[in-house]
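Please open the structure in your viewer and keep the sequence panel at hand, since this tour moves from one selection to the next.

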Amino acid sequence: MIDYSLIPSPCFVLEETRLRANLSLIDSVQQRAGVQIILALKGFSMYSAFPLVKHYLSGATASSLNEIKLVNEYMGIQAHTYIPAIRDDEFDEILERSSHLTFNSLSQWERFKNRAMGSGVSCGIRVNPQYSEVATDMYNPCVPGSRLGVTRDLIGDSLPEGIAGIHFHTLCENDSYTLERTLEALESRFADLLHQAKWVNMGGGHLMTREGYSTDHLIGLLQTFRQKYNVEVILEPGSAIGWQTGVLVSSVLDVVDSQGIRVAILDTSFAAHMPDTLEMPYKPRILNSYHEPVAGKPTYRLGGMTCLAGDFMGDYSFDEPLQIGDRIIFDDMIHYTMVKTTTFNGVNLPSIGIWQENETFRLVKSYGYESFKDRLS
């Protein structure tokens, strides 16, 4: 159990034991299913943990040249790369640093294919099966007008020469039964092309480390698909890697009364440090609190430290009144959180640390003025 008295505030804290448990489960799935499961940096880019990740996962996927470089440097491997639109001045370096390269559109493939073919990099095309169960449009790549992937009507009867793989990504923290329905939609449109492919990348959103997820059902789906089309199958989960592996530690800076509503202002920010809570939106869980107001208990609306009026999250109840200096521990804040932080309003980024398997805390990084200044000019 984390000793929060040892943690600076604010600070993201990864629990090493929980990360290893997730990786062990994911590795068991890939071994039993005969597939490759790789790390998606867009959900988990904490490179100080990559030495542990490498013990279980042999690959990583990137969506920018910077992410590719992080994979090369800290995983020691070439990247599986997908970028919605590639810059011409970055293409040669992207190609050099990648083992697989998925193109988002046929026009991008036509533009770069002469430089890609013969390079030794295995190239693929992202397709849009026009089916997704993601409820939030911001996270749904299959909405009309989506810029992500190629619909079937744009592809002929065969994969373009030089394309070895098909890539789709339409899930977001979904289960294996959603994947099953997605595969039905994919096959209804692309079955003939699947038979022509050498590999199929099923993207991310496979939340196999969530309690209640049926890994047996997932394994069965993957085995059947792999054998039916005689392809290598690749998954690149984002949330599943860092799911429930750590917290964001924060502290109460002030408590004010706002027209009868008690507001606790924290040394962190929802807008700058937890933007998913406002984008999705969702209400994060706080340890030792009541997720919804409870009559008769001290109840507070929690606010961030920026000047943005909407930088708040309401309302939580506690057993005791909050005092200045009290710790507020936001649960499950490692995946898709650290990767999205900003220094809006000049607020410092939270520190990053690891609660190690030997029950000690290691501060990995802290931030100050230079981190803020480096983003500007």
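Is Glu15 buried or exposed? In this predicted model, Glu15 has a relative accessibility of 15% and therefore counts as buried, the cut-off for that class being under 20%. Keep Glu15 selected and add Arg18, because the two form a salt bridge in which the closest N and O atoms are 3.6 Å apart. Arg18, with a relative accessible area of 39%, is partly exposed.

Next, select helix 1 (residues 16-33) together with helix 7 (residues 215-229), and orient the view so that both axes can be followed; these axes come within 9 Å and cross at roughly 35°. The crossing in which helix 1 passes helix 7 is right-handed. To see where the helices meet, show side chains for Leu25, Val29, Arg32 and Ala33 on helix 1, and for Thr215, Asp216, Leu218, Ile219, Leu222, Gln223 and Arg226 on helix 7. Colouring the residues of this contact by character should give six nonpolar, two polar and three charged.

From there, move to Asp88 and Arg111, which form a salt bridge with the closest N and O atoms 3.9 Å apart. Asp88 belongs to helix 4 (residues 88-97) and Arg111 to helix 5 (residues 106-116), and this pair, 23 residues apart, links distant parts of the chain. Asp88 counts as partly exposed, at 38% relative accessibility. If you extend the selection to Asp92 and Arg115, you will have a network of salt bridges that links Asp88, Asp92, Arg111 and Arg115. For the wider setting, the structure holds 20 salt bridges.

The next stop is Asp276, a position covered by a "binding site" annotation that comes from an unreviewed UniProt entry. Asp276 is placed in helix 10 (residues 276-279), and with 12% relative accessibility it counts as buried. Which residues is Asp276 in contact with, leaving aside its neighbours within four places in sequence? Selecting Tyr139, Pro281, Tyr282, Tyr336 and Lys340 will display these contacts.

Finally, stay with Lys340 and add Glu279, whose side chain meets that of Lys340 in a salt bridge at 3.4 Å, N to O. Lys340 lies in the loop between strand 15 (327-331) and strand 16 (351-355), whereas Glu279 is in helix 10, so the pair ties together parts that are 61 residues apart in sequence. Both partners count as partly exposed, Lys340 at 23% relative accessibility and Glu279 at 33%.

Definitions and conventions
Residues are numbered from 1 along each chain as its sequence is written. This is a predicted model: local features need pLDDT of at least 70, side-chain atom pairs count only at pLDDT 80 or more; totals for chains, interfaces and linings use all residues. Side-chain values use heavy atoms; hydrogens and water are left out. Axes are lines fitted to C-alpha atoms, for helices over the stretch in contact, and angles run from 0 to 180 degrees between N-to-C directions. Helices (H or I, at least four residues) and strands (E, at least two) are DSSP runs, numbered from the N terminus. A crossing is left-handed if the near helix is turned anticlockwise from the far one by less than a right angle, and right-handed if clockwise. Contact means heavy atoms within 4.5 Å. Ala, Val, Leu, Ile, Met, Phe, Trp, Tyr, Cys and Pro count as nonpolar, Asp, Glu, Lys and Arg as charged, and the others, Gly among them, as polar. UniProt positions are given in the numbering used here, feature names are shortened, and annotations may be inferred rather than shown by experiment. Buried means under 20% relative accessible area, exposed over 50%, partly exposed in between (1.4 Å probe, protein chains only). A salt bridge is a side-chain nitrogen of Lys or Arg within 4 Å of a carboxyl oxygen of Asp or Glu.
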